[in-house]
Amino acid sequence: MRVISLVLRTAKLFATVRFYRALGVPLMEIPAVDPEAGVHYEGTSDGIQWAVHAAPEGDTPDRLLGGALVPGFAVPDLTAALSLVREAGGLIVVAPSAGSDGHARAVVLDPEGRALELLEL
């Protein structure tokens, strides 16, 4: 089994798109086929199809509670990635540190509070 797509629903469409673009996801605006649906954004990065759709305000699960999903992403330079996260409106919630495998890692939140682990490889 392998991950082939990630679909994000967000009440903060433009902030979320800006955040993931800053991390290198090439999201492009896709015109709406149904005018009521509005535009959404799609892109492919490392073989994973991304989509970001507008949605009503909701509750993002706390990263430490049941129901939460914390995907991990490899980055070539953790310090540079964390700088991009801050510039794009993200929040660093676990400061960089070396994991048991010796690789530096940090946990960040996107503009809507979804947690991501960034791992320097």
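A polar contact here is a pair of N or O atoms within 3.5 Å, where within protein one must be able to donate a hydrogen and the other to accept it. Keep that in mind for the first view; the model in every view is a predicted one.

**View 1. Asp-77 caps the N-terminal end of helix α2.** The cap is made by a side-chain oxygen of Asp-77, which sits 3.1 Å from the backbone nitrogen of Thr-79. That is a polar contact because the cut-off for N and O atoms is 3.5 Å. Past the other end, just after α2, look for Gly-89, whose phi is positive at about 90°.

**View 2. Helix α2 (residues 78–87) has a buried set of residues.** Leu-78, Ala-81, Leu-82 and Val-85 are the buried ones. Looking down the axis of α2, the buried residues fall within an arc of 100°, so they line one face of the helix. Over on the other side of α2 you'll find Thr-79 and Glu-87, both exposed. And what covers the buried residues? The cover includes helix α1 along with strands β5, β6, β7 and β8.

**View 3. Four strands make an open sheet, in the order β5-β8-β7-β6.** The pairing in this sheet is mixed. At the edges are β5 (72–75) and β6 (91–98), each with a pairing partner on one side only. From one strand to the next, the twist averages 20°. As a general reminder, strands of a sheet pair through backbone hydrogen bonds, and they can do so parallel or antiparallel.

**View 4. Strand β7 pairs with β6 and with β8.** On one side, 5 bridges tie β7 to β6, and the two run antiparallel. Here Val-94 stands opposite Val-107 in β7. The hairpin of β6 and β7 has 5 residues between the strands, and Gly-102 there takes a positive phi near 90°. β7 (residues 104–109) is also joined to β8 (residues 115–120) by 5 bridges, again antiparallel. For a landmark in that pairing, find Arg-105, whose bridge partner in β8 is Leu-119.

**View 5. Thr-16 is tucked away in helix α1 (residues 13–22).** How buried is Thr-16? Its relative accessible area is 0%, and the cut-off for buried is under 20%, so Thr-16 counts as buried. Setting aside neighbours within four places in sequence, Thr-16 touches Leu-8, Thr-10, Val-52, Pro-111 and Arg-114.

**View 6. Aromatic rings pair up, with a count of 4 pairs.** One of them is Phe-14 with Tyr-41, an edge-to-face pair at 6.5 Å centre to centre and 85° between the planes. This pair links distant parts of the chain, with Phe-14 in helix α1 and Tyr-41 in strand β3 (residues 40–45), 27 residues apart. Which partner is buried and which is exposed? Phe-14 counts as exposed at 58% relative accessibility, whereas Tyr-41 counts as buried at 5%.

The rings of Tyr-20 and Trp-50 have centres 5.3 Å apart and planes at 45°, so this pair is tilted. It, too, links distant parts of the chain: Tyr-20 belongs to helix α1 and Trp-50 to strand β4 (residues 48–54), 30 residues apart. Tyr-20 and Trp-50 are both buried. Zoom out a little and ring pairs link Phe-19, Tyr-20, Trp-50 and Phe-73 into a cluster.

Key: Residues are numbered from 1 along each chain as its sequence is written. This is a predicted model: local features need pLDDT of at least 70, side-chain atom pairs count only at pLDDT 80 or more; totals for chains, interfaces and linings use all residues. Side-chain values use heavy atoms; hydrogens and water are left out. Two strands pair if DSSP finds at least two bridges between them. Axes are lines fitted to C-alpha atoms, for helices over the stretch in contact, and angles run from 0 to 180 degrees between N-to-C directions. Buried means under 20% relative accessible area, exposed over 50%, partly exposed in between (1.4 Å probe, protein chains only). Contact means heavy atoms within 4.5 Å. Rings of Phe, Tyr and Trp (its six-membered ring) pair if their centres lie within 6.5 Å; planes under 30 degrees apart count as stacked, over 60 as edge-to-face and the rest as tilted. The arc is that of the directions from the helix axis to the C-beta atoms.
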